[in-house]
Amino acid sequence: MQRISHEQEYIQIDRNFTSLIKFISCLMVAMSHYCGYALANGLSSNILYKLIAANGGYVGVALFFFLSGYGLMTSERLRHLSVAEFVKRRLIKTYVPAVVVSAIWLCFACFTNLGLLCNQRYLRGVFWGFNDEVLWFVNSIILLYVAFRIYVFARQYIQKNQWLLLLIIGCLTYRFLQVFNIGSTLSVPIFFIGVAVAQYGKFIRSF
């Protein structure tokens, strides 16, 4: 019987390439916000600005969430992290920069009376709301990381039909974000598709 190689079993995406795509997705989101601002303030009426404002942000965010799910599952295959390591290397690494940026925005808003980007929710805004409309995705990604960790824990006890477990956790996460109006529910299926691509590369290749 022919042995399946590591490359055949999983879909490999170069880490440098994923970093580049993440950078491009961030630029797409930034350009989307700028184009929306330019259109709203009469700075431009170019059709390209309208196209980027309408779709650039969604595409950029979709790429980012897909690669986040893919990256987490790929890393899990290579090395399992303990809960403490996962919190330190995944959650804190994502959470702390958002808090710092939110605190800076709050201070800036207090001294300049700027209410455009800062929602003035003070401590709650700094530590969870992030005082910024642009940082909504941080709430989503933190909860998705937690959902992923729950999946990794639960799948140790389920050897067969892990795809069903992944689907159930994905649906529950989607419902949770929807009920509590956190971030964007569209990010949930995109994130878990990334996880599935990393875990079921052999099946996807054959399909």
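**Helix packing and the nonpolar core**

With a relative accessibility of 13%, Gln 199 counts as buried, the cut-off for this class being under 20%. The model in which this residue is described is a predicted one. Gln 199 belongs to helix H8, which comprises residues 187-199. A polar contact of 2.8 Å links the side chain of Gln 199 to that of Gln 162. Helix H7 spans 162-179.

Helix H8 is also among the elements that contribute to the largest nonpolar core, together with H3, helix H4 (83-112), helix H6 (136-155) and H7, each of these supplying at least two residues. This core contains 32 residues in total. Within it, the most contacts are made by Phe 86, Tyr 145, Phe 148, Tyr 151, Phe 191, Phe 192 and Val 195. H6 provides the largest share of the core, with eleven residues. In soluble globular proteins, nonpolar side chains tend to be buried together.

A further packing arrangement involves helix H2 (residues 15-40) and helix H3 (residues 47-78). The axes of H2 and H3 come within 7 Å and cross at roughly 150 degrees. Because angles over 145 degrees count as roughly antiparallel, H2 and H3 are roughly antiparallel to each other. Their crossing is left-handed. The contact of H2 with H3 is formed by 16 nonpolar, eight polar and two charged residues. H3 thus takes part in this contact with H2 and also supplies at least two residues of the largest nonpolar core.

Note on methods. Residues are numbered from 1 along each chain as its sequence is written. This is a predicted model: local features need pLDDT of at least 70, side-chain atom pairs count only at pLDDT 80 or more; totals for chains, interfaces and linings use all residues. Side-chain values use heavy atoms; hydrogens and water are left out. Axes are lines fitted to C-alpha atoms, for helices over the stretch in contact, and angles run from 0 to 180 degrees between N-to-C directions. Helices (H or I, at least four residues) and strands (E, at least two) are DSSP runs, numbered from the N terminus. Angles under 35 degrees count as roughly parallel, over 145 as roughly antiparallel, 65 to 115 as roughly perpendicular and the rest as oblique. A crossing is left-handed if the near helix is turned anticlockwise from the far one by less than a right angle, and right-handed if clockwise. Ala, Val, Leu, Ile, Met, Phe, Trp, Tyr, Cys and Pro count as nonpolar, Asp, Glu, Lys and Arg as charged, and the others, Gly among them, as polar. Buried means under 20% relative accessible area, exposed over 50%, partly exposed in between (1.4 Å probe, protein chains only). A polar contact is a pair of N or O atoms within 3.5 Å; within protein, one must be able to donate a hydrogen and the other to accept it, and residues adjacent in sequence count only if both atoms are side-chain atoms. A nonpolar core is a set of buried Ala, Val, Leu, Ile, Met, Phe, Trp, Tyr and Cys residues joined through side-chain atoms within 4.5 Å.
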